[in-house]
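This report covers the contact between two chains and the salt bridges in the model. The sequence and structure come first.

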Amino acid sequence: MLRGMWSAASGMSSNQMMIDVISNNLANVNTVGFKKSRPDFQDLMYQTLSPGGSRTSSGDQIPTGIQIGMGAMPVGVQKMFMQGDFKGTQNELDLAIEGRGFFKVISNEEEVYTRAGNFKLDSEGNICTPNGDKLQPAMSVPTADAVTIKIDKAGTVSVINPSGQATVLGVIELYSFANPAGLYSMGHNLFRASDASGEAIAGTPGSNGMGTIAQGFIEMSNVDVVEEMVAMIMAQRAYEISSKSIQTADNMLQIANNIKR
Amino acid sequence: MISGNYGLIDGSLIQQLRFDTLSNNLANVNTNGFKKDILAFDEALSMKILTAVDFSPGPVVSTGNKFDVALNGPGFFKIQTPSGIKYSRDGAFSLSRDGMLVNHNGDQVLGQNGPITLSGGDLSIGRDGQISENGSPGDKLLVVDFKEPQLLKKEGMNYYVYGGKEQDILTAEKVDVQHKYIEKSNVNVTEEMIRMVDSFRAFESIQKAIQNTDEITSKLVNDPELL
C-alpha cells in the first residue's frame, strides 16, 4: 500500500503524544514546584530507492537519489528544569529553592527528590511534605512550646522559643544532579535518581553553585500557559494535517480500485 | 495492447512517490531541525525522478532551555554515534550522567577538541559557538559545512551522512549560534497541502486516462462493425 499512509499514521501518533504532554503541563499550571515537559521528535528511517552519486549510462553523476521518508517518531520527553515563579506566602514552612538543587525526602522508605517546598509539620513535629514524606536530614521541631521556625538562606533551621532563645535544629541539604532532565518522574512532585540523571550530589545551600533557600516563598509551576496553548494549536493542526494525508491516501487507493469496473 | 498504458502506470507511480514524500514532510512538521524533501523531475538524466533535500532554514524559536542550540544560517552539528560520524541540525541537546553534551539519542556532540564535557553549572554559548561554564570559557561547538551539500543523505533520527569526499567537509568559518533557541521544521504546511492536492488530482487524471484507453480497447475488441 502507499508508504505515505504509514508516515501519516506515525505523524498522528507523535502529535497525539504531544497533546498528552501538553495537557499534563496545563493541568499542572498551579502545582507547586512542577516542572514542565517537552516532547521532541525525529524523522524515522529513509527508504533509498536509488542511491545518490550513481552514474547514468551517459556517464553523468546523479547528484541525489530517491529517498522516501517513513514518518516521524517521538524521541524523548524531557523535563525542563527552568526556575518557576516565586510566590510569597508568609508561611514559615514554605521554602523555595532559588537556583539549582532539590530537597531530599523519604517516601515509601526510598530517597526521592522534590522542588516543591510547601512543607508541613506532622503531629510529632517532623518537617514533611503534604503527603507526609519526611524532609532529610530529619529534623523535629519541639511541639511543647509555641515556637517560631527560622530558616536562613544557607538552610540552617533554628527555632525561637517564646522567651526569644534560638536553638539550631540542623541544616537542610540540597541535592543536585549532573543531568536533572534524566530524573525519573514519580508523580506527587517527586523525582527518583536514574541511570540517566547520575547520583545525587549533596551540598549546603549557597555553596558550589547550589541554590539558596527562601523562607516564606513557594516555587510555582514553570508552565507558561501561552506557550503551551501555542504548542497545543501546533500539535492539533499537525494531527489534522496527517489525518488529511491518510484521507488522501484512502482516496487514491479508491481511485486505483475503480480502474477495473 | 496499447502502449500508452505503460507511460500512465509510470505516471501514477511517480505521483505515489510524490505523495509519500509529502506525507513524510507533513508527519515531520513538529520535528526539530527537519528539512523537507522535494521530489524533482529531471529530464536531462535517464533517471527521471529524484529526491532532494530543501535546506532552507526553519523558524528559530526561543525555548529558554540552556541545552538548546539553533544554527542560524548554514552548517551542521557534528555528532559522534556508535556507527560513525553523523551530522544534524537538531540542537535539542542535554547532559549525560557522565557530564557529556549529548543529543536525544545519547550520542556525543563534538566540539573543536572532541566531545564536550560540562560540569552542569551555569552554561552560556556565544554566537560563535564558544561554550562557557560559570563564566570560564571551555571548548567551542564544532559546526561544519559541505562543499556539495546535495551529497548529504538522510539517515533518520535527524541525522545526515555525507557521501562526498572527506576533504569537502569544512569547518564553518562564520557561524551564528543561538543559545536557548531551537530550529523547528522547515515544512510549510500550506505549500505541502497544495502539492498534495495537486499530486492527488494528477493521480486521479491518470487513472481516468487508463480507463479511457480501456474503453477504447473494449470498443476495438467488442464493436462488430470494426470487424
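## Interface and salt bridges

Between them, chain A and chain B bury about 5000 Å², of which 58% is on carbon and sulfur atoms; buried area is the accessible area (1.4 Å probe) that two parts lose on being put together, summed over both. On the chain A side, Q67(A), M252(A) and I259(A) lose the most area to chain B, together 12% of what that side buries. The contact (heavy atoms within 4.5 Å) takes 63 residues from chain A and 59 residues from chain B.

This is a predicted model, in which local features need pLDDT of at least 70, side-chain atom pairs count only at pLDDT 80 or more, and totals for chains, interfaces and linings use all residues. Residues are numbered from 1 along each chain as its sequence is written, chains are lettered from A in the order in which they are written, and side-chain values use heavy atoms, with hydrogens and water left out.

The count between chain A and chain B is 3 salt bridges, a salt bridge being a side-chain nitrogen of Lys or Arg within 4 Å of a carboxyl oxygen of Asp or Glu. One of these pairs R3(A) with D20(B). Over all chains, the structure holds 22 salt bridges. The table gives some of them.

| Pair | Closest N to O distance |
|---|---|
| R3(A) and D20(B) | 2.8 Å |
| K35(A) and E219(A) | 2.6 Å |
| R89(B) and E183(B) | 3.0 Å |
| R195(B) and E192(B) | 3.2 Å |

E219(A) lies in strand β20 (residues 217-219) of chain A and K35(A) in the loop between α1 and β1, so this salt bridge ties together parts that are 184 residues apart in sequence. Helices (H or I, at least four residues) and strands (E, at least two) are DSSP runs, numbered from the N terminus. Both E219(A) and K35(A) are buried, where buried means under 20% relative accessible area, exposed over 50%, and partly exposed in between (1.4 Å probe, protein chains only).

In chain B, R89(B) and E183(B) are both buried. R195(B) and E192(B) both lie in helix α2 (residues 189-222) of chain B, 3 residues apart, about one turn of the helix. R195(B) counts as partly exposed at 28% relative accessibility, whereas E192(B), at 1%, counts as buried. These two residues belong to a network of salt bridges that also links K36(B), D54(B) and E191(B).
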